[in-house]
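Please walk through this structure with me, one set of side-chain links at a time. Keep the model open as you read.

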Amino acid sequence: QVQLVESGGGLVQAGGSLRLSCAASGRTFSIYAMGWFRQAPGKEREFVAAISWRGGSTDYADSVKGRFTISRDNAKNTVYLQMNSLNPEDTAVYYCNLLNHYSDPRPLNSWGQGTRVTVSS
């Protein structure tokens, strides 16, 4: 198992931006695709974005396309989620996880503690 630690969440007004980070332990980080997921209050966890192991390919949920950007730095064992034009529907706890492939959103690892994002209207 890889330990995943998410950070960067907070309270932001609608239209604002946040950048989330996910730091992973272990040497195997760079061989995995990575994904971001979120869980809003009272809802199931859902896929948000994914990136290939080299970072050359990405995939996004329709609800965040054009607003969110996923990236990674394998030298730092870290994956990022830049979130722009936030709206109250983006309010959730955000998690990262390892994936077999950026087009396969099934998480491989146990979940970290997540980072909470709250968007006020």
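What follows goes from the disulfide to the core, then to the rings and the charges.

The model is predicted. Start with the cysteines. A disulfide is a covalent bond between the sulfur atoms of two cysteines. The structure has one disulfide. It joins Cys22 to Cys96, with the sulfurs 1.8 Å apart. The angle about the S-S bond is 50°, and the link of Cys22 and Cys96 is right-handed. Cys22 lies in strand S3, residues 18–24, and Cys96 lies in strand S9, so the bond ties together parts that are 74 residues apart in sequence. Buried or exposed, where does Cys22 fall? Cys22 is buried, because its relative accessible area is 0%, and buried means under 20%. Cys96 also has 0% relative accessibility and counts as buried.

Now turn to the core. In soluble globular proteins, nonpolar side chains tend to be buried together. Here the largest nonpolar core holds 34 residues. Which of them touch the most other members? They are Met34, Trp36, Val79, Leu81, Met83 and Tyr94. Several strands feed this core. S3, S4, S5 (46–51), S7 (68–73), S8 (78–83), S9 and S11 each supply at least two of its residues.

Val79 gives a closer view. Set aside its neighbours within four places in sequence. Val79 is then in contact with both cysteines of the disulfide, Cys22 and Cys96. Its contacts also include Met34 and Trp36, two of the core residues just named. Leu20, Ser21, Phe29 and Ile51 are in contact with Val79 too. So are Ile70, Ser71 and Arg72.

Next come the aromatic rings. A pair of aromatic rings is described by the distance of the centres and the angle of the planes. The count comes to three aromatic pairs. One of them is Phe37 with Trp111. Their centres are 5.2 Å apart, the planes stand at 85°, and the pair is edge-to-face. Phe37 lies in strand S4, residues 33–39. Trp111 lies in the loop between strand S10 (104–107) and strand S11 (115–120), so the pair ties together parts that are 74 residues apart in sequence. Phe37 is buried, at 5% relative accessibility. Trp111, at 31%, counts as partly exposed.

Trp111 has another ring partner, Tyr95. This pair is also edge-to-face, with 5.7 Å between centres and 70° between planes. Tyr95 lies in strand S9 (92–101) and Trp111 in the S10–S11 loop, so these parts, 16 residues apart in sequence, are tied together. Tyr95 is buried, with a relative accessible area of 11%. Ring pairs link Phe37, Phe47, Tyr95 and Trp111 into a cluster.

Rings meet charges as well. Arg45 lies over the face of Trp111, at 3.8 Å from the ring centre. Elsewhere, the charged end of Arg19 sits over the ring of Tyr80, 4.0 Å from its centre.

Finish with the salt bridges. How many does the structure hold? There are five. Arg38 takes part in a bridge to Glu46, at 2.7 Å from N to O. Arg38 is buried, with a relative accessible area of 6%. Glu46 counts as partly exposed, at 36% relative accessibility. Arg38 also forms a salt bridge with Asp90, and the closest N and O atoms are 2.9 Å apart. Arg38 lies in strand S4 and Asp90 in the loop between S8 and S9, so this bridge ties together parts that are 52 residues apart in sequence. Both Arg38 and Asp90 are buried. The links extend to Arg67: Arg38, Glu46, Arg67 and Asp90 are linked in a network of salt bridges.

A further bridge joins the side chains of Asp62 and Lys65, at 3.2 Å from N to O. Asp62 is exposed, at 65% relative accessibility. Lys65 is partly exposed, at 48%.

Conventions:
Residues are numbered from 1 along each chain as its sequence is written. This is a predicted model: local features need pLDDT of at least 70, side-chain atom pairs count only at pLDDT 80 or more; totals for chains, interfaces and linings use all residues. Side-chain values use heavy atoms; hydrogens and water are left out. Rings of Phe, Tyr and Trp (its six-membered ring) pair if their centres lie within 6.5 Å; planes under 30 degrees apart count as stacked, over 60 as edge-to-face and the rest as tilted. Helices (H or I, at least four residues) and strands (E, at least two) are DSSP runs, numbered from the N terminus. Buried means under 20% relative accessible area, exposed over 50%, partly exposed in between (1.4 Å probe, protein chains only). A charge sits over a ring if NZ of Lys or CZ of Arg is within 6 Å of the ring centre and within 35 degrees of the ring normal. A disulfide is a pair of cysteine sulfur atoms within 2.5 Å. A nonpolar core is a set of buried Ala, Val, Leu, Ile, Met, Phe, Trp, Tyr and Cys residues joined through side-chain atoms within 4.5 Å. Contact means heavy atoms within 4.5 Å. A salt bridge is a side-chain nitrogen of Lys or Arg within 4 Å of a carboxyl oxygen of Asp or Glu.
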